[in-house]
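Please open the structure in your viewer, and keep the selection tool at hand. This tour moves from one selection to the next and says what is found at each stop.

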Amino acid sequence: MNKEFIVALEELEKSKSVSKEVILEALEKALVKSYQKNYDNNENVDVNINQDSGEIEVYSLKTVVDEVLDPIKEILVQDACKIDSKLNVGDICRVKIAPKNFGRVAAQTARNIVIQKIRDAQRDSIYGEYLDRINEIITGTVQRSDKYNIYVNLDKIEGIIPLKEQVKNETYQVNERIKVLIKDVKNTTKEPQVILSRANENLVVRLFELEVPEITNGLIEIYAIAREAGSRTKMAVFSNDEEIDSVGACIGFKGARVNSIVEELHGEKIDIINYDKDIKTYISNALSPAEIIDTLVNEDKKQSLVVVRNDQLSLAIGKEGQNARLAARLTGWKIDIKSEGEYQSLSQEEIDEILGLNEDEKTEELLAEDKQNLENIIDENEEVEVTADTDDDFYDLEEEDRKSNNYED
């Protein structure tokens, strides 16, 4: 080893993002194994590599004793003090040795071990890098696909889009560049496995963060999002600045910002609505683009009844119930939608049942009934105090008790 070797390690550190110290530590361990293998003895050794010059020093580790029984593992205290005057019996003495042909043998034997250690260190480095980027967007190039997975080149590593993270109506061509979400990173024995997603709702959130500076700087916040990948997304936003229109900022001038995201998502529809602290307003906004006449709510059970015009019912429900379904997921409320005509035909009891109010009344009635039953049981089992002034009174009571129970003497 020499200075050129250290320079080569420094170049490797820059190109492979692997610490020089990690490589030297791995090499020292490899050289210890190489010595033990090629010199076939039980000698304990330690190897040090000078990080500046590249010089390798091999030391035999021996226990300091008064009498040597095993010359390979022990050294007399007198001899040890010649090396280090501070050593005492029981200490470990490092004796510098120069094994014959060790340089050639060591380099040959350690080569594969060092390569593997470099791979391990590089794998750990990549794992840590991508682990810190979970839930972030990354751009990659489609390499290939099979029946279940799409493989994406991320420059340093290959990522996988499993079947459940793919969008059904999306197709990808080899060499096509796509944006994906890093959903998970697993550390395997070979190399880190980076799980990517095109279906996760956080992909839409990150795309808006890239396109809308007001979200990045905190002027606008995304309150909630509900997505059916490849079809439609609903997103609720609010502004921390009264002068900024949160929905308008997300849409952009002439729809430029949202259209860019829709294009990236291959035509997926995106509804952007205003979040409101008033739950009735929030639910009405969530059912956009339908126009709402009235909203009745049961806040305890998070159930609501929404009334729309007769011609707005299908729009409010959406194709195959999608609009209502996404609105329910966005708000976290159960939403029952009725047309104006249907609502007018409902009795108050039916309305209460939809809102879950009847269940509350039934529960209260049952609790009241249970309470009364419990009180009756207590009354029936109360102990009756019996008093008597004379022995004859006790006798009469006993006689009455025997007669009432048909006792015989």
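At roughly what angle do the axes of helix α5 and helix α8 cross? Select residues 201-211 for α5 and residues 256-264 for α8, and you will find that their axes cross at roughly 140° and come within 10 Å. Because angles over 145 degrees would count as roughly antiparallel and those from 65 to 115 as roughly perpendicular, α5 is described as oblique to α8. The crossing in which α5 passes α8 is right-handed. To see where the two helices meet, show the side chains of Leu 207, Phe 208 and Glu 211 in α5, which are in contact with a group in α8 made up of Arg 257, Val 258, Ser 260, Ile 261 and Glu 264.

Before going further, please keep in mind that this is a predicted model. Now show the whole protein, which has 15 helices and 15 strands, and whose 409 residues include 36% that are buried. Among the contacts with a separation of 6 or more, 57% are between residues that lie 24 or more positions apart. The accessible surface comes to about 25200 Å², and carbon and sulfur atoms hold 45% of that surface.

**The barrel**

Next, select the strands β5, β6, β7, β9 and β8, which in this order form a closed barrel of 5 strands with mixed pairing. From one strand to the next, the twist averages 55°. The helix from the first stop, α5, packs on this sheet, where it touches β5 (137-145), β8 and β9, and its direction makes about 125° with that of β8.

Within the barrel, zoom in on β6 (residues 150-153), which runs antiparallel to β7 and is joined to it by 4 bridges. In this pair, Val 152 stands opposite Gly 159 in β7. The two strands form a hairpin with 4 residues between them, and in its turn you can select Asp 155, whose phi is positive at about 80°.

On to β9 (residues 193-197), which pairs with β7 in the parallel sense over 2 bridges. Here Gly 159 has Val 194 in β9 as its bridge partner, while Ile 160 stands opposite Ile 195 in β9.

**A glutamate in a loop**

Now select Glu 170, which is found in the loop between β7 (158-161) and β8 (177-186). Is Glu 170 buried or exposed? Its relative accessibility is 7%, and because buried means under 20%, Glu 170 counts as buried. Leaving aside residues up to four places away in sequence, Glu 170 touches Arg 198, Leu 265 and His 266.

**The open sheet**

For the last stop, select β13, β14 and β15, which are the 3 strands of an open sheet with mixed pairing, arranged in that order. The edges are taken by β13 (292-298) and β15 (334-339), each of which has a single partner strand, so one side of each is left without a neighbour in the sheet. Neighbouring strands of this sheet are turned by 20° against each other on average, with direction ignored.

Strand β14 (residues 303-308) runs parallel to β15, and 6 bridges join the two; one residue to select is Leu 305, whose bridge partner in β15 is Asp 336. Finally, add helix α9 (residues 279-286), which packs on the sheet and touches β13, β14 and β15, with a direction that makes about 130° with that of β13.

Conventions:
Residues are numbered from 1 along each chain as its sequence is written. This is a predicted model: local features need pLDDT of at least 70, side-chain atom pairs count only at pLDDT 80 or more; totals for chains, interfaces and linings use all residues. Side-chain values use heavy atoms; hydrogens and water are left out. Buried means under 20% relative accessible area, exposed over 50%, partly exposed in between (1.4 Å probe, protein chains only). Contact means heavy atoms within 4.5 Å. Accessible areas come from the Shrake-Rupley method with a 1.4 Å probe; for residues, only the protein chains shown count as cover. Two strands pair if DSSP finds at least two bridges between them. Axes are lines fitted to C-alpha atoms, for helices over the stretch in contact, and angles run from 0 to 180 degrees between N-to-C directions. Angles under 35 degrees count as roughly parallel, over 145 as roughly antiparallel, 65 to 115 as roughly perpendicular and the rest as oblique. A crossing is left-handed if the near helix is turned anticlockwise from the far one by less than a right angle, and right-handed if clockwise.
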